[in-house]
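Trainee: Could you take me through the nonpolar core of this model, slowly enough for a beginner? I would like the main residues and their neighbours.

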Amino acid sequence: MSLRQKEKSEMTHQEIKAAALRLFLENGYKNTSVQDIVTESGYSIGSFYNHYKTKRDVLADIWNEHAIAFISHSIDEMKAIRTPEELADYLIDNSNAFDRDEKTISLAKAAQEDLVTVGKNYEGVRDISQLYLKEIASVLRIFCPHTEEVILLSHASVLDSIQYSHSEVTRKKVGYFFDDDTVKRDILLLMNAWIQEDKQGMKEGR
């Protein structure tokens, strides 16, 4: 395939996906057919199936693109954090921002309707999630400068798991119950314990 053909194929892919997103948001996922997407995009049914096997595949692609963009923006925002309190607030406030986003709500509802698996299992989301985890560890390094990297990453994984669980529960309204202020205090308690461990380790020369 020539460069021009690749560029044309990518443009077709993006325009089909954009058409599907418009219809999903305007009419709902269940009320949108593959033919609707084809008509909205201006391409043929053959073009659609050259890029996607099913409507579910389009939804998964859109969801993952949305998640990747949000996480990438979150990584940039996190670089300004300088205190444990700011990190605790950010983790929960950012979770709420994602879950209350109109696009997130619509796509999550559509995914539940058709049992589409979304989350961190897709390569692009998995890769950016690892960078997000490392950014949390970088922030923790400010508070715990003497803690080994592997331990900081473990701490970061704990915080990321709390945030992910909070997001899942908030969006799906099932499972555990999270009161935001309580979760923020719990996160602060964890971080304060890690800070004390860091200071103790420095005194002991570890």
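Mentor: What follows looks at the core, then at a buried serine and some rings.

This is a predicted model, where local features need pLDDT of at least 70, side-chain atom pairs count only at pLDDT 80 or more, and totals for chains, interfaces and linings use all residues. Residues are numbered from 1 along each chain as its sequence is written, and side-chain values use heavy atoms, with hydrogens and water left out.

Start with the term. A nonpolar core is a set of buried Ala, Val, Leu, Ile, Met, Phe, Trp, Tyr and Cys residues joined through side-chain atoms within 4.5 Å. Buried means under 20% relative accessible area, with a 1.4 Å probe and protein chains only. The largest such core here has 50 residues. Leu87, Leu140, Leu159 and Met191 have the most contacts inside it. Among the helices giving two or more residues to this core are H1 (3–27), H5 (84–99) and H9 (180–203). Helices are DSSP runs of H or I, at least four residues long, numbered from the N terminus.

Now take Met191. Leaving out residues up to four places away in sequence, Met191 touches Pro84, Leu87, Ala88, Leu140, Phe143 and Leu159. Contact means heavy atoms within 4.5 Å.

Next, Ser95, in helix H5. Ser95 counts as buried because its relative accessibility is 3%. Beyond its neighbours within four places in sequence, Ser95 contacts Tyr90, Gln163, His166 and Ser167.

Last, the rings. Phe48 and Tyr52 are both buried.
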